[in-house]
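Work through the exercises below with the structure open beside you. Try each task before you read its solution.

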Amino acid sequence: MKATSLRNADQDEIDRFCDALWLEDGLAKATLDSYRSDLSRLAAWLQTQHLETLLDARNETLARFIGVLAQETRASSQARYLASLRRFYRWQVARGRLALDPSLKLVNPARASRLPKTLAERQVERLLAAPDLSTALGLRDRAMLETLYATGLRVSELVSLQLFSLSLTDGVLRALGKGNKERLVPLGEQAIDWISRYLTEARPAILGARQSDDLFITQRGAAMTRHAFWHLIKRYAATADIAADTLSPHVLRHAFATHLLNHGADLRVVQLLLGHADISTTQIYTHVARERLKSLHAQHHPRG
């Protein structure tokens with residue numbers, strides 16, 4: 001939509017609303033800019049269509065506007081516009097400027113369920129085998145990939161691991177997740193073996209005479225960063241013949257959860273391992289597992 005000079009009345013209402021949000025709620029500039037942009041788009045549309053002002057807009061008019069958005073934007077964007085309009089009109093009702101909220105009957109758009117990207121088990125095997133094990137850095141990378149796939153850690157949790165985060169004897173690590181919540185995650189024999197080999201053969205060679213409590217370190221002796229590991233995994237995707245745009249550290253987390261469910265793990269267990277506060281966040285993986293079952297049925301059943 002082309003930029004339009006808004007009617008003075010509408011511009012004044014938007015300014016008053018955003019100023020109030022800043023003064024009363026202390027919202028960040030980016031959030032205020034989002035409200036201002038959404039309301040300005042509605043005001044501009046009302047003006048170009050020769051319709052009511054913002055304060056005079058009726059439910060039917062707002063519904064028409066949302067219908068226009070539905071043709072131009074995704075459901076997630078429509079939902080954001082709705083949230084902005086609802087807050088604006090609730091605020092006007094609370095101020096006594098409006099008797100009724102015209103956004104009350106607006107319906108949220110249906111949002112398509114987006115399944116997380118994941119990898120087949122054979123793809124994971126190729127990825128894990130990609131690092132050059134004749135080098136110290138290759139051993140480090142193999143240990144990191146094995147740890148990520150064995151635990152389902154977020155990449156931020158992986159790169160922040162300290163030496164004291166591990167208990168190889170007990171076969172667990174302590175992860176510090178969102179909200180500084182700690183959880184114990186089992187490692188599995190393969191990950192334990194690769195971490196042990198990294199600690200014995202590779203880490204001392206990389207670190208040299210320097211000291212560090214970080215588990216996974218770079219050639220400079222500093223902790224591996226999220227950005228650096230992201231580049232590493234993209235490079236190994238090419239080696240493993242996996243499309244780079246389908247692979248990221250988070251995709252290995254998705255693969256961890258999906259493969260656990262495919263092999264019969266309980267959803268509550270997967271929730272605990274991933275560190276999800278709400279099981280509804282974990283339930284997305286049941287859809288992925290269900291798609292896998294449907295694919296297997298279609299492939300192997302005589303009437304599939």
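The exercises go from the whole chain to single residues.

**Exercise 1. The overall picture**

Task: State how many helices and strands the protein has, and what share of its residues is buried.

Solution:
- Start with the source: this is a predicted model.
- Count the elements. The protein has 13 helices and 3 strands.
- Turn to burial. The protein has 304 residues, and 44% of them count as buried.
- Look at the surface. About 16900 Å² is exposed, and carbon and sulfur atoms supply 52% of that area.
- Check the contacts with a separation of 6 or more. Residues 24 or more positions apart account for 58% of them.

**Exercise 2. The nonpolar cores**

Task: Find the largest nonpolar core and say which helix gives the most to it.

Solution:
- Recall the general trend. In soluble globular proteins, nonpolar side chains tend to be buried together.
- Size the core. The largest nonpolar core holds 51 residues.
- Find its best-connected members. Phe216, Phe229 and Leu252 have the most contacts inside this core.
- List the contributors. Elements giving two or more residues to this core include helix 5 (121-128), helix 6 (136-151), strand 2 (172-176) and helix 9 (226-239).
- Pick the top one. Helix 8 gives the most, with 8 residues.
- Zoom in on Phe229. Its partners, leaving out residues up to four places away in sequence, are Met144, Leu145, Leu148, Val155, Leu158, Met224 and Pro249.
- Look elsewhere. A second, separate core has 30 residues, among them Leu55, Leu82, Leu85 and Phe88.

**Exercise 3. Two helix pairs**

Task: Decide how helix 5 lies against helix 6, and how helix 1 lies against helix 4.

Solution:
- Take helix 5 and helix 6. They pack at about 155°, with axes 10 Å apart.
- Apply the cut-off. Angles over 145 degrees count as roughly antiparallel, so helix 5 and helix 6 are roughly antiparallel to each other.
- Name the residues. Glu121, Val124, Leu127 and Leu128 of helix 5 meet Arg142, Leu145, Glu146 and Tyr149 of helix 6.
- Sort them. This contact of helix 5 with helix 6 has 5 nonpolar, no polar and 3 charged residues.
- Now take helix 1 (residues 8-25) and helix 4 (residues 75-95). Their axes come within 11 Å and cross at roughly 85°.
- Apply the range. Angles of 65 to 115 degrees count as roughly perpendicular, so helix 1 is roughly perpendicular to helix 4.
- Name the partners. Helix 1 brings residues including Phe17, Ala20 and Leu21, while helix 4 brings residues including Phe88 and Trp91.
- Sort by class. The contact of helix 1 with helix 4 has 5 nonpolar, 1 polar and 6 charged residues.

**Exercise 4. Residues in loops**

Task: Are histidine 50, threonine 53 and aspartate 241 buried, partly exposed or exposed?

Solution:
- Set the limits. Exposed means over 50% relative accessible area, and buried means under 20%.
- Place histidine 50. This residue sits in the loop between helix 2 and helix 3. Its relative accessibility is 72%, so histidine 50 is exposed. Its phi is near 55°, a positive value in a residue other than glycine.
- Place threonine 53. It lies in the loop between helix 2 (29-48) and helix 3 (59-72). Its relative accessible area is 22%, so threonine 53 is partly exposed.
- Check the contacts of threonine 53. Leaving out residues up to four places away in sequence, it touches Arg7, Asp10 and Leu46.
- Place aspartate 241. Its loop runs between helix 9 and helix 10. At 65% relative accessible area, aspartate 241 is exposed. Its phi is positive too, near 60°.

Technical notes
Residues are numbered from 1 along each chain as its sequence is written. This is a predicted model: local features need pLDDT of at least 70, side-chain atom pairs count only at pLDDT 80 or more; totals for chains, interfaces and linings use all residues. Side-chain values use heavy atoms; hydrogens and water are left out. A nonpolar core is a set of buried Ala, Val, Leu, Ile, Met, Phe, Trp, Tyr and Cys residues joined through side-chain atoms within 4.5 Å. Buried means under 20% relative accessible area, exposed over 50%, partly exposed in between (1.4 Å probe, protein chains only). Helices (H or I, at least four residues) and strands (E, at least two) are DSSP runs, numbered from the N terminus. Contact means heavy atoms within 4.5 Å. Accessible areas come from the Shrake-Rupley method with a 1.4 Å probe; for residues, only the protein chains shown count as cover. Axes are lines fitted to C-alpha atoms, for helices over the stretch in contact, and angles run from 0 to 180 degrees between N-to-C directions. Angles under 35 degrees count as roughly parallel, over 145 as roughly antiparallel, 65 to 115 as roughly perpendicular and the rest as oblique. Ala, Val, Leu, Ile, Met, Phe, Trp, Tyr, Cys and Pro count as nonpolar, Asp, Glu, Lys and Arg as charged, and the others, Gly among them, as polar.
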